[in-house]
Amino acid sequence: MNYCADPFSYQRRISREVRVGNVGVGGDNPIRVQSMITCDTMDTEASIAQTIELAKAGCEIVRITAPTVKDAANLQHIVRGLREHGCDVPIVADIHFKPEAAMEAAKWVDKVRINPGNYADSKKFKIIEYTDEQYAAELTRIRQRFTPLVELCKERGIAMRIGTNHGSLSDRIMNRYGDTPLGMVESALEFARIARDLDYHAFIFSMKSSNPKVMIAAYRLLVARLYQLDAEDARKGRGGSAEPPGRLRSIAPTWNYPIHLGVTEAGEGEDARIKSAIGIGSLLADGIGDTIRVSLTEDSIHEIPVAKALIDSVAAGVSPATPANSAAADTAATTEEAKAVTNLSFDPFSYQRRPTDKLEREGVRLGGDELVRVVIGKAQHEKIAHKIDRMGDYKPEIIFENAPVMEVDPRDDEAIARVNDSAEAQLVSVKDDVDLPLIPAFRLLAAKLQSRHPILLKDTLSPSIKNDEARLTNDEGSPDAQMTKRTPDFVIPSSSDIRHSSFLHTLLIASTNIGSLLCDGIGDAILVQGEEAPGQSLRLSYNILQAAGSRIFKTDYVACPSCGRTLFNLQTTTAKIKAATVHLKGVKIAIMGCIVNGPGEMADADFGYVGGAPGKVNLYVGKQAVKFNIPEAEAVERLKDLIREHGKWVEPATEPALAEANVQ
């Protein structure tokens with residue numbers, strides 16, 4: 001199955017246009033930016049104010065949660081108030097669990113988002129073996145529940161998003177397909193088939209997960225299945241009769257629905273921006289995606305500049321930074337080279353690290369099943385040599401100039417042949433200043449290189465580009481310190497802190513390029529050379545490895561963005577939990593404002609902190625709730641006790657390592 005037109009040359013996926021209010025999504029429209037307000041939906045004035053603030057910041061579509069029929073009914077007053085203020089931004093109702101709320105919301109909004117995992121299904125982690133007859137009966141029940149909403153949306157001429165979340169797959173889907181990208185895709189397609197049977201086509205797909213590898217695989221599999229369904233329909237002549245093979249290409253596709261991208265529960269600060277760039281940026285670079293949301297556990301206003309910068313950085317990255325005529329010629333050359341490559345070096349739908357021989361560089365082993373290593377340039381290494389022993393887990397491991405690296409142009413077959421003819425495995429990378437987009441360049445290298453040779457990934461092939469003087473510094477000692485320090489009190493870091501700096505651009509480019517390749521299983525060492533400051537370069541390197549799941553060296557957090565369903569202040573709570581647990585290397589903690597995605601997204605977390613009722617918290621071990629209705633004021637201490645009970649607590653070090661010092 002193909003998930004994009006050409007994995008070696010950028011082409012945006014062709015999709016139909018779906019109108020969301022006055023905004024077109026898909027087709028020839030630009031990639032749209034959307035977000036979600038965080039206040040109580042029953043607070044009409046606050047909802048109006050937050051929506052207007054988002055619209056002024058450049059948000060093109062605004063989503064509002066409607067957890068009950070009462071909340072859904074209040075959307076009428078919110079929408080009316082927005083229009084009276086002259087704000088015409090499209091409004092989307094976010095629905096979980098309650099078809100009745102969806103029916104009410106659809107009367108007032110421009111689009112309804114439903115989650116196929118819980119719209120008409122339950123999530124109780126029951127193990128049930130469905131016969132084909134029982135499964136068909138369940139689909140009939142879903143059709144009965146879903147049809148009224150489809151008919152209402154069709155009657156009003158409004159759009160819908162069929163949005164699967166990895167964390168809320170139904171028991172029915174889980175038992176047939178498992179907790180897999182395939183289960184996510186089939187969950188959405190079941191609802192899409194019902195909509196199509198009713199001749200309703202104004203819908204958009206999404207496949208969100210907090211794990212970038214799962215998210216990337218699910219979206220790719222979705223697109224591949226849509227192509228496959230179009231081909232099947234074409235062979236049947238749309239009407240059920242077989243078409244001659246020569247006419248297949250002349251039949252217009254009908255499964256070409258737009259796609260919304262997002263990494264759910266990405267968290268906050270630098271880590272969230274890295275994780276979002278890996279997931280969203282990788283897919284945008286493959287030509288997939290018509291609208292995006294960068295979900296941050298911060299005020300929603302901070303999501304917009306990050307989303308815009310991500311779209312811009314990917315747009316710049318998919319074409320080489322050369323004059324237009326040279327770029328066009330080289331892109332064509334890349335495509336011709338790609339045609340000669342029969343197979344990708346990776347399975348785009350299932351992660352597996354590229355197998356290589358093991359090498360040793362400066363006493364450090366890499367390749368094979370060794371950790372993905374962090375490389376630094378000699379000049380940068382000299383700037384921090386005096387304090388390397390105080391840098392904790394952020395130490396450089398290999399100096400580039402001291403580690404023989406064979407750098408090649410992946411289009412140069414003679415150079416590739418010389419590497420492949422070598423008796424011993426070599427550490428290989430793409431040459432700087434090769435005028436190819438970076439991701440296709442490394443994919444081409446991996447496809448043509450014998451698998452025994454480890455690969456050194458780079459964030460950019462144009463390292464001469466300098467950072468501006470406005471780049472942020474970070475002299476804080478904690479390994480998970482914030483990007484800025486304003487006061488001794490906790491302040492959520494945001495993209496507004498770095499919007500005048502090149503560091504956000506560097507972060508997004510590095511995360512997209514290196515993270516995408518790591519999620520494809522390519523890469524045995526990484527070199528971030530687009531950031532001059534060695535401290536920031538090293539921190540960024542390690543944080544990319546952590547976000548991509550390639551190397552876990554610190555506490556991992558899954559934290560949802562706030563919304564009207566949230567039962568506690570996510571920003572301050574996340575800060576408190578981080579302050580108490582940031583030293584627990586390798587422990588994964590999920591922080592969820594409500595139960596919507598809680599148990600599912602926490603399935604691979606060690607511990608979970610979930611809002612159960614106003615002022616009350618439930619604590620989880622994995623996906624199992626073990627402590628209930630804990631007063632919020634006591635919950636962080638009780639979480640620490642729970643971690644102790646399961647043998648994963650260690651006391652914090654008395655002297656934090658100088659892990660994130662930034663050397664200019």
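The legends below describe an overview and three close-up views of a predicted model.

**View 1. Overall make-up of the protein chain.** The protein chain has 664 residues, of which 61% count as buried, and its secondary structure comes to 18 helices and 23 strands. Among contacts between residues at least 6 apart in sequence, 72% join residues that are at least 24 apart. The chain exposes about 25300 Å², with carbon and sulfur atoms supplying 50% of that area.

**View 2. Open sheet of four strands.** The strands of this open sheet follow the order 14-13-18-17, and their pairing is parallel. Strand 14 (398-399) and strand 17 (456-458) stand at the edges with a single partner strand each, so one side of each is left without a neighbour in the sheet.

**View 3. Strand 17, strand 18 and the helix that lies across them.** Strand 17 pairs with strand 18 (residues 525-527) in the parallel sense over three bridges, and L456 has A525 in strand 18 as its bridge partner. Helix 14 (residues 502-519) lies across both strands, running at about 145 degrees to strand 17.

**View 4. Helix 16 and the elements that cover it.** Helix 16 (residues 570-581) has 12 residues and reaches 16 Å from its first C-alpha to its last, close to the 16 Å expected at 1.5 Å a residue. The helix is mostly covered, as nine of its 12 residues are buried; these are L570, Q571, T573, T574, A575, I577, K578, A580 and T581. The buried residues of helix 16 pack against strand 19 (556-559), strand 20 (588-592) and strand 21 (607-613), and also against helix 18 (632-645).

Conventions: Residues are numbered from 1 along each chain as its sequence is written. This is a predicted model: local features need pLDDT of at least 70, side-chain atom pairs count only at pLDDT 80 or more; totals for chains, interfaces and linings use all residues. Side-chain values use heavy atoms; hydrogens and water are left out. Helices (H or I, at least four residues) and strands (E, at least two) are DSSP runs, numbered from the N terminus. The expected span of a helix is 1.5 Å times one less than its number of residues. Buried means under 20% relative accessible area, exposed over 50%, partly exposed in between (1.4 Å probe, protein chains only). Contact means heavy atoms within 4.5 Å. Accessible areas come from the Shrake-Rupley method with a 1.4 Å probe; for residues, only the protein chains shown count as cover. Two strands pair if DSSP finds at least two bridges between them. Axes are lines fitted to C-alpha atoms, for helices over the stretch in contact, and angles run from 0 to 180 degrees between N-to-C directions.
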